[in-house]
Each structure stands twice: as structure tokens, then as C-alpha cells.
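Me: I have some questions about how the labels for this structure are assigned. Please set each value against its definition.

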Amino acid sequence: MRVIRKKKKQHIFLQFFLWVYAFISLYPLIWMVFYSLKNNDEIFVTNPYGFPVHFRIENYITAWSRYNVPVYFFNSLLVAVVTVIGTITLAVMFSYAVARMRWKLKDTARIYVMIGMFIPVQVIMIPLAILVRDFGLTNTYFALFIPYIAFNLAFSTAIFYGFFRTIPFELEESGCIDGASIYKTFFSIILPIVKPAIATVVIFIFLSSWNEFTMALILISKESLKTLPLGLLFFQGEFTTDWGAMGAAMTIASVPTILIYMLFSEQVENALTVGASVKG
Amino acid sequence: MEKYLRDRTAIAVFILPTLLLFTIVVFNPILQTFYRSMFEWDGLSEAQFIFFDNFTRLFQDRLFYDSMYNGLLFAAVLVVLQIGIGTFLVLAVTDSAIKYRKFLRISYFIPVVLSITVACQLWLSVYNGEYGLLNKFFETLGISYRQDWLNSEKGAIFAIAVVNAWQYMGYHFAILLAAVKSIPEQYFEAARIDGAGKVRAHLSITLPLLVEAYRFCFVLAITGGLNAFANMFIMTGGGPGTATYTLTYMMYRSAFRVNEFGYGCASATMLVVQCLIATIIINKLFGRESVTY
């Protein structure tokens with residue numbers, strides 16, 4: 001009897017803790033969405049915590065039309081899409097050659113590129129900024145495309161390499177016997193098989209380049225090229241008097257990633273934490 | 001088949017773009033950072049070789065020690081909050097009787113997918129001295145605890161670290177949860193048959209089997225703390241005064257505010273050294289051998 005009661009107590013305590021933390025984790029976000037629908041008077045005085053009484057959609061209209069939110073949004077999308085396509089194209093080719101083809105230095109080449117996973121971007125920030133300047137790329141989209149692709153190569157290569165090691169060699173043999181060229185085999189036989197790994201990498205790269213802050217801060221200063229994380233930063237000054245519009249802009253910036261997470265929650269968790277097993 | 005997989009042109013076509021890009025944009029800059037740390041250089045004019053003078057200056061710079069101390073504090077807060085809370089939540093959520101498990105998981109992980117700017121701006125409003133959620137909350141409770149969180153010399157670094165801990169706790173949670181799930185069910189059954197209670201079973205089975213996951217979480221939290229930059233850049237600009245400087249922040253200021261590229265590279269080099277030492281210590285403590293089932 002006593003054991004059961006003790007268990008019950010333990011159970012209630014655990015439940016309580018789980019829900020309290022869920023509240024801490026979620027409430028600031030809910031609060032943000034709420035205040036994006038209120039005016040200053042409601043946020044500061046009449047209704048700071050609760051559900052908005054009048055839905056002040058005009059905050060969203062202000063954020064979208066009067067400030068540069070659409071530009072930032074477009075830039076984030078463009079940069080994320082180009083980074084995804086560029087990284088995957090290069091990484092699939094490279095890891096194929098390293099995992100399946102036969103040449104002397106393939107392990108050296110693989111390990112060399114994987115060093116990239118252990119380099120924090122902060123360490124190379126200064127030479128990178130100078131490199132971008134010397135190539136004349138400052139304040140062009142390429143100032144983001146190229147570093148983002150280069151930085152994502154290590155991780156993507158590791159994932160694809162792991163995947164290529166698991167598929168049987170008979171696949172190429174069939175292509176070989178049919179007389180197809182290695183390129184043809186690669187595109188028509190290998191690529192379709194590697195799809196599940198591509199999905200993981202797409203999610204990972206899309207989220208990380210959509211949210212990337214530090215490199216963008218160093219490499220971009222032109223207003224028309226700013227991505228959302230950078231653009232929202234400078235809202236601070238302009239919007240301090242208008243919390244509602246600021247909340248609206250932040251909500252707009254978060255919708256795509258939260259939506260992706262809601263739709264593919266398990267894949268997203270896997271994609272983001274797979275680094276744990278790759279690096280370990 | 002042999003000839004097919006040894007096709008040299010194909011190999012070159014497949015590997016050269018990646019090797020070239022990686023070498024130019026990632027690997028070469030690492031070497032540049034080390035090399036340039038021995039120059040006095042404003043990024044434009046002729047660089048002057050001064051050997052280890054930047055490092056001598058760094059070791060005499062009070063800000064260097066303050067920055068390092070802040071990095072360590074930041075890392076400590078992340079370890080305690082992210083790994084501590086993460087562990088507890090994972091153990092609690094794997095308890096078979098918990099309802100709405102999926103909802104709980106999602107609510108822990110959502111902040112991870114936010115942009116760091118959004119998280120920081122959001123917490124700027126939470127911490128706001130006049131209208132912030134936190135002060136309002138204390139007001140409602142009737143406790144006179146109102147204060148300007150980010151303007152306190154001592155407290156600001158903790159306030160910022162909490163934001164990072166809040167945002168990325170879910171990441172550690174997901175890593176640990178995946179590791180717990182990979183433990184075969186028989187282990188727990190065996191413990192149950194032996195009469196071990198839940199707490200006992202976790203202490204003697206679950207936690208020891210999570211060594212690999214913990215090793216990764218610690219490396220992540222500690223190097224993340226030492227590297228911290230975006231959080232303070234957005235929330236305090238290193239202030240009040242220099243109270244929330246970290247090594248990365250110092251490097252950023254040297255290079256991009258006062259044009260001392262060489263000195264900035266020296267800070268970056270020290271950052272690498274620190275992260276390396278931290279990683280080596282963690283690997284020693286956790287042992288390199290991995291558990292296989």
C-alpha cells in the first residue's frame with residue numbers, strides 16, 4: 001500500500017514538473033503572438049498576459065507594409081533554398097566518390113572535409129570577411145551563398161557518406177552491365193536511392209541557413225540583402241515604441257520554421273540531433 | 001566494374017568542387033587566423049610581423065580575463081540548465097504513465113527552431129525594466145522585485161545565459177531522449193525483476209548508458225558557452241560597460257569596430273585553444289570507449 005502511495009506521489013511530482021517546464025518553454029512565445037495582436041495600451045496596462053480582446057491585425061499590416069519585412073523574408077528564403085541546393089549537389093557528388101569509387105586518397109579527402117564540423121564559425125570570421133571583400137563579393141547574395149554552402153559541406157558529406165556505405169555494390173554493377181556511363185548511373189540509379197538521406201539534410205540546412213546570424217552580420221550590411229535574423233535586429237530602434245508591430249514581425253519570421261517543425265516534427269528532431277551521432 | 005569505379009575524370013568531377021570550396025572558404029581561413037595573429041594589421045595597409053606581441057598584449061589585457069570568465073560562467077549556466085533540466089525531463093517523460101507525451105516533446109523543442117534574433121528580442125521584452133513580463137509577474141505576485149535585469153553588472157551575463165539555455169534546452173532533451181530510447185527494453189525488465197525501483201533503475205542503468213550522449217551534450221554546452229556571441233551582441237552589446245564581453249565579442253570588436261585585425265585573430269586563436277582544452281578534458285572525463293549493446 002505504502003509503496004503505491006509513494007509511487008503516486010512521485011508520479012504527480014513528475015507530471016507537475018513536466019507541465020511547468022512546458023509552460024516556461026511555450027509561454028514566452030504565446031505571449032509574443034498575443035502582443036502582436038494588441039496595442040501598446042493593452043500590452044503595458046490593461047491586458048499584459050492574456051488573450052487579446054480585439055485582434056489588432058493592423059500590426060501585421062504595419063510590419064509587412066511599412067518596414068522591410070517582405071524583403072528580409074524573400075532574402076531568407078532565397079538564401080536558404082540556394083544553400084540547400086548547392087550544398088546537396090556538391091556533397092552528394094563528393095561523398096559518392098569517397099564512399100563508392102576506388103582511388104588512393106579517398107579517406108584522407110573525407111576526413112579533411114569533415115574537419116569542417118569541428119570549426120566554430122567565430123574562429124574564421126575575420127579571414128572570411130577579408131576573403132569576401134577581396135573577391136569583391138561584399139554586399140552581394142554570393143557573400144552568403146558561398147560561405148553557407150562551404151560550411152554545410154562537412155555535415156552533409158558525413159550524412160551521405162554514412163548512407164552510401166549501406167547500399168550494395170550490385171547497383172553500379174547493373175548500370176555497368178547495361179553500358180551506362182558512370183554519370184548516368186549516378187543520376188538514374190544512385191540519386192533516387194539516396195532520397196531519405198537528402199530529406200534529412202534538406203531540413204537541417206534549410207533551418208540553419210534560415211536562422212543563421214553571425215556570418216550574415218559580418219558579411220552583409222546593405223538593407224536590401226538582409227535576411228530576417230539580421231533585419232529584425234534593427235527593428236529594435238524603430239519599433240521600441242510599437243511593440244505590437246515588433247511582435248508581428250517576429251511572428252512572421254518564425255512561422256516558416258515552426259510550421260516545418262509542426263509538419264515534420266520527428267524528422268526535424270532527427271535532422272538536428274543527427275550531428276550528435278556523426279560528431280561523436 | 002573495376003575500370004568503372006576507377007574512372008579518374010569522374011572522380012575529379014565529383015570531388016574537386018567540394019575540395020576547392022572547402023579549402024578556400026573554410027580551411028584556408030583557419031590557417032589565416034593563426035598566421036595573422038602574429039601581425040599588426042588594420043585589414044587594409046601592409047601588415048607588420050610582430051611575432052607574439054599580440055598574445056603578450058592579450059595576456060596583459062584585463063578584458064581578456066573578464067571575457068574568459070564570462071565565457072566560463074555562460075558555459076556553466078548552460079550545463080546546469082540545459083543538461084540538468086534536460087536529463088530530468090527525459091527521465092520523467094519516458095515514464096510510461098505520462099499522458100500527452102507528444103505535446104510535451106513538441107513544446108520543449110519549439111524554441112530550438114526559432115531564429116536567435118527572435119529569441120533574444122523576445123526576451124528583451126520579457127526583461128524590459130518597465131513593461132517586461134518578468135517585472136509585471138513579480139508585481140502581480142506583490143513582490144517588490146522589480147529591476148532592470150540586463151543593466152546589472154553582475155546579473156546581466158546570467159540573464160543572457162538563461163535565454164540561450166531556454167532556447168536550446170530542447171536540443172539536449174532530444175539528444176538524451178534518443179539515447180534513452182536506444183537502450184534495449186530487456187535492461188529495464190531485468191532491473192524490475194531484480195526488484196529495483198524506478199529511481200534506482202535510472203541511476204544504475206539509464207544514466208551510465210548515456211555516457212556517449214552526455215559527452216556530446218557537454219562538449220556542445222561548454223564550447224557553446226565559450227563561443228557565445230550572438231546573444232550578447234543582440235541583448236546588451238557587451239554591456240553594461242564590458243560586463244557581458246566574451247572572447248568572440250572581443251574578437252568582433254577588435255576586428256570590426258576598431259580595425260585591429262591581428263589582435264582580433266589572436267583572440268580567435270585563444271578561443272580555439274580554449275575549446276580544444278575543454279573538449280580534451282571532457283573526453284578524458286567521459287572516457288573514449290563507447291557502449292555497444
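Me: How far apart are the C-alpha centres of domain 1 of chain A and domain 2 of chain A?
Reply: The two C-alpha centres lie 38 Å apart. Domain 1 covers 2-59 and domain 2 covers 67-233 of chain A, with bounds that come from an automatic or database domain assignment. This is a predicted model, in which local features need pLDDT of at least 70 and side-chain atom pairs count only at pLDDT 80 or more, while totals for chains, interfaces and linings use all residues. Residues are numbered from 1 along each chain as its sequence is written, and chains are lettered from A and ligands numbered from 1 in the order in which they are written.

Me: Why is A:His54 called exposed?
Reply: A residue is exposed if 12 or fewer other C-beta atoms lie within 10 Å of its own, buried if 20 or more do, and partly exposed in between, with C-beta atoms placed from the backbone. A:His54 has 10 such neighbours inside 10 Å, so it counts as exposed. A:His54 is in the loop between α2 (40-46) and α3 (58-66) of chain A; helices here are DSSP runs of H or I with at least four residues, strands are E runs of at least two, and both are numbered from the N terminus.

Me: What makes B:Tyr100 partly exposed?
Reply: B:Tyr100 has 13 other C-beta atoms within 10 Å, so it is partly exposed. Its loop runs between α4 (62-93) and α5 (101-109) of chain B. B:Tyr100 also has a positive phi of about 55 degrees, although it is not a glycine.

Me: Why is the largest nonpolar core said to lie between domain 1 and domain 2 of chain A?
Reply: A nonpolar core is a set of buried Ala, Val, Leu, Ile, Met, Phe, Trp, Tyr and Cys residues joined through C-beta atoms within 7 Å. The largest one has 169 residues, of which A:Ala249 and B:Cys217 touch the most other members. Both domains of chain A give residues to this core, so it lies between them.

Me: Which residues does B:Cys217 touch, leaving out those up to four places away in sequence?
Reply: B:Cys217 touches B:Ile83, B:His172, B:Ile175 and B:Leu176. Contact requires C-beta atoms, placed from the backbone, within 7 Å.

Me: How many residues of chain B are in contact with chain A?
Reply: 75 residues of chain B are in contact with 75 residues of chain A. On the chain B side, helix α2 (residues 8-36) gives the largest share, 16 residues.

Definitions and conventions. Contact = placed C-beta atoms within 7 Å.
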